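Reader: I'm new to protein structures. Could you walk me through this one?

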Amino acid sequence: MLRASLRGLLSRKLRLTLAVVAIVLGTGFLSGAFVLTDTLGARFSKLFESINQNVAVQITPTDESTEDGEPPRLTQQQVERLRVDGAAAVQGDVSAEGVVPFDMRDGDPVTTSGTPQIGGGVTGDDPFSLVGVAEGRWPTRAGEVAISRFTAEQAHAAVGDRLKIYLPRVNEAREFSLVGVVTYSGDRDSLAGETLVLFQEAEAQQIFYGRTGVYSGAFVAADEGVSPEQLRDRVAPLLPAEFEAMTGEEANEEQANAVNEGLSQLSTYFFGPFAIVAVLVGIFLIFNTFNIVVAQRARELALMRAMGASWTQVAGSVLVEAVLVGVVGATLGLLAGIGLGYAGSALLTGLLGVDLPGAGLTVGVLPVVLAYTVGILVTVFSAFVPAVKASSVPPLAAMREVARPDKPLRTLSIVGAALAVPGVALVGLGLTGVGDLTLPALLLGVGMVFLGVALLSPLLTRPLAGLIGRLVGWGTSGKLGVRNALRNPRRTAVTAAALMIGVTLVSAASVVGASFKTTIDQEVNSSIGADVIVQTNQTQAAPTGETGFSAAAMQEVREVSGVERALSLFVTVDAEIEGRANQSLGFGALDQDFPVVRDMFGMTPVEGDLSALGEGEFVTDENTADGRGWEVGDQVAIALSKGGERQYRLVGTFESTPILTGTVFLPPSAVQNFAGPLASQGYVDLAEGADAAAVTARVEQIMSDFPLVTVGDRSSLVEQFNSFVDIALAIVVVLLGLAILVALLGILNTLLLSIYERTRELGMLRAVGLSRFGVMRMVGTESVVMAVFGCLLGIAVGVGLGAALSAALIDIDFLSTISVPWLSLAGFVLLAALAGVAAALWPAWRAARLNVLDAIAYE
Amino acid sequence: MDATGVAARAADLWKVYGSGEAQVVALRGVNVELERGHFTAIMGPSGSGKSTLMHCLAGLDSVTRGQVYIGDTQVTGLGDRGLTKLRRDKVGFVFQQFNLLPTLTAAENILLPLSIAGRKPDQQWYDTVIDTVNLRDRLGHRPTQLSGGQQQRVACARALVARPEVVFADEPTGNLDSRSGAEVLSFLARSVREYGQTIVMVTHDPNAASHADRVIFLADGQIVDEMRDPTAEAVLDRLKGLDTPAAAVPPVGSER
């Protein structure tokens, strides 16, 4: 008897451990996100400190002055005026980003993964001693450059080489003599994996600003005994109105804040879904665990009741256990999160090649508070129903085996249906987009459908899991396993529901993703009339016209023999419409007459006139016009990056298609108001019988001077679209992995309980001749049935959800077809089955090792 | 079947639990032969080792020393695989309780050992067994829908349907009311008399033992006596002698 209860306690501890694991995963991802953000933030702060070393005061243009068009410049005299009393050194800032050297070996542009590619002007030694010459000398005349050692390594260049460098603003590549290699103070090759090209100052000014003798800002160093604040106050009055002075420290803070904002978004979007999935799945796991624990302790609880404990005391004792599990889980989760954050910070910088200075580990208060709050709340919430159930154990149960048959599933199923049916209706409502409640209705609907199906799943267990069982339950042991899975529909359903969550998410995402891919493939091939397509990989930000290829390059393409027509598309998203910042529209301008554009993109006119696009006119797709309430003939005020606001008149609309949606086409002259003059896409139509390969090769050659620009056929365009989908799906698949992991623990949990409960049965089966392997197969089959059942429920809900979402996207012409990726879904089922096998390994081993005699012996 | 042969035997069987101070000797050199086609009952006070003897004979428990044979097969020394095969082919069990799988119908429970072994039932024999236990109208029921006596009859049918060398029954009537118990016992006795089945039963109930052909009395890990064609009264008398502390009755020594 003692042995039995000890064993019970032990297995309970084990089971609680599984609940703890669920909490650890959830809180781990949650706190990990914050630790990662803080740690990376600290490293960035350190980076800015080292960049701004010795800088007491920094002069930059004010925010307002850079808002509209060309930023203001400081003249030589204005910089000289800053040499006030207490200023040890003054240096005008000549710098630009997007200066891209080409690799000496293969001729490809040297690119970084997100870190800037900086160009600067120098006049000799750096008065702030941030950079110093390590080899060769400073550039002293036009046509000479020095580069950082990191850049030299990347470009495989050495002093004396002729280095090709792409220059922004002039938008062309030129060759320079490499006269020096520089390093940062402390003999560092780079600050954070950026490239650096230094020109003679006057040449840099000519290239970056279009004239010599001007600066974009200035740096001032302080004499000893003069504080940065004093110096700032001394130089501030000397500045023109468009400039402001701040101390080096203030500058650091401003830069660090901007970076931190981006970082926290990154980690929220990256870790957020993981934390949510882990917590959601964890709720099911914990719920099940406590149910099991309560069931096992029924006798003990009944004894407490018989001895006069009130039901609140009994429920309380269960909840105390829950709080304990929550605290332990949250503590371990927090530790895991700290590890995750630290590893993530190392991994991220390693992956991106961003070489940030180390700054130790930063753990704020927020992740700690959050981990404990979420950990304890989730556990107590999940344990609540089991606790109430525990309190309803009749005292009589202490005296004898009280048969507690499964409650009928009717109430549960009615509640489930009552949730699922209106849920479906709500999803429908949300998708048709009635009123402003679209998103809330959709989310609420999805939640209700999900819960409803979860509640209905016990009812589905017998028919659906039975069907699965018929497929996987081979032989006597297999059939016994299937019977066991069907034995307690509630338990099987709750276990399966944990898996269902993850699979629902992933199936829905897969359906939308597959629909998107199919749509793009169809649309590009049916509507785009070009044979050769030039694209710019927008790796860093939305297009503004600052990356891409020049109009001159496209002119060259037109002259290639075999080219019938060629079209450049200039794109920007940097605009204000009627005084409000643009959220979702893309603004395109084209260098050809509009009929050519119309043919090339296969546009179908809806209203107005698409035969010409004159000054001050624009066209857009039907949905955009409808959505914004624009009628043909309306005047719309649009302010682009430069040149202020001006009125454009809508002259025509065309049918929305998935690739022509949310786009406003402006006349060619609008390009001068874009932030940069570069086209981001080019469409080349070949003449009848032209050699496509030869033309493509020639176009490639012409475009080779422009970093980030690639040349390909239509399928390359499809691939580029698809690559976004693939990245999103890859993240979703990792999510699935996590969900499966947690669900696996749930299955493990359920199996352990079943084995514990059925010890005597197992002994009897062994006594009548079932082999160890047979026992393992029996347990494995039960596990696989549960896993596949959960997976199929998830696929059913997920595909329905994905199809509904796709249908909504078709409604707004974002998609044109629904495609269900059956192969991937079949893969999920297979994965679930394998997970089922994996989850069963240990319980099956335990079951097989049971001593036959111990199992059948009764106390 | 050779009705005069030996279905199972134990030679110099020792079973010791634990070690050192806590050492308990459950069986001390037991020698016994169980005749084929006989119904043998093993009796003795609690702690006499009667259950241990049966478990060792059935290959459910390992022995410390000595040999056990079932038919020609030496049970002692068999690995798990061998034991599994032995249970499939040569042994049937009836336990006191927890005898049936609740997920299976009565018929499925009866056929379970054959199904596990992957053998086809002998339809004629199956029908004979079903009719003998009088369960034909209950075959589609689940154990929870059957009375205790019916459940135990299902268990007996299950043990018999594979025609094992020996059926081991561990207190088969322990959980039953006297009427149901008598039904089960008479059925077991019939299977011995009419079909030549060998049955070994552990029991503490003299009435149950009176159904057997032979009763073996165990005390303190040794066989102290045996009785042929017992009656309930004779068994009870003999047991009363054994129930007094072991010292009062000097061990007679096991028969050779």
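Author: Sure, and let's begin with two helices. This is a predicted model, where local features need pLDDT of at least 70, side-chain atom pairs count only at pLDDT 80 or more, and totals for chains, interfaces and linings use all residues. Residues are numbered from 1 along each chain as its sequence is written, chains are lettered from A and ligands numbered from 1 in the order in which they are written, and side-chain values use heavy atoms, leaving out hydrogens and water.

Reader: At roughly what angle do the axes of helix α19 and helix α22 of chain A cross?

Author: Helices (H or I, at least four residues) and strands (E, at least two) are DSSP runs, numbered from the N terminus. Axes are lines fitted to C-alpha atoms, for helices over the stretch in contact, and angles run from 0 to 180 degrees between N-to-C directions. α19(A) covers residues 714-757 and α22(A) covers residues 822-849; their axes come within 9 Å and cross at roughly 35 degrees.

Reader: How many residues of the contact of α19(A) with α22(A) are nonpolar?

Author: Contact means heavy atoms within 4.5 Å. Among the residues involved are Leu736(A) and Ile740(A) from α19(A), plus Phe828(A) and Arg846(A) from α22(A). Ala, Val, Leu, Ile, Met, Phe, Trp, Tyr, Cys and Pro count as nonpolar, Asp, Glu, Lys and Arg as charged, and the others, Gly among them, as polar. The split is 1 charged, no polar and 16 nonpolar.

Reader: Is Leu239(A) buried or exposed?

Author: Leu239(A) sits in the loop between α6 (228-235) and β14 (243-247) of chain A. Buried means under 20% relative accessible area, exposed over 50%, partly exposed in between (1.4 Å probe, protein chains only). Since its relative accessible area is 13%, Leu239(A) is buried.

Reader: Which strands of chain B stand at the edges of the open sheet?

Author: Two strands pair if DSSP finds at least two bridges between them. The sheet has 6 strands in the order β6-β7-β8-β3-β9-β10 (chain B), with mixed pairing. Each edge strand has a single partner strand, so one side is left without a neighbour in the sheet: these are β6 (91-94) and β10 (222-228).

Reader: What kind of pair do the rings of Phe93(B) and Phe95(B) make?

Author: Rings of Phe, Tyr and Trp (its six-membered ring) pair if their centres lie within 6.5 Å; planes under 30 degrees apart count as stacked, over 60 as edge-to-face and the rest as tilted. Here the centres are 5.5 Å apart and the planes at 15 degrees, so the pair of Phe93(B) and Phe95(B) is stacked.
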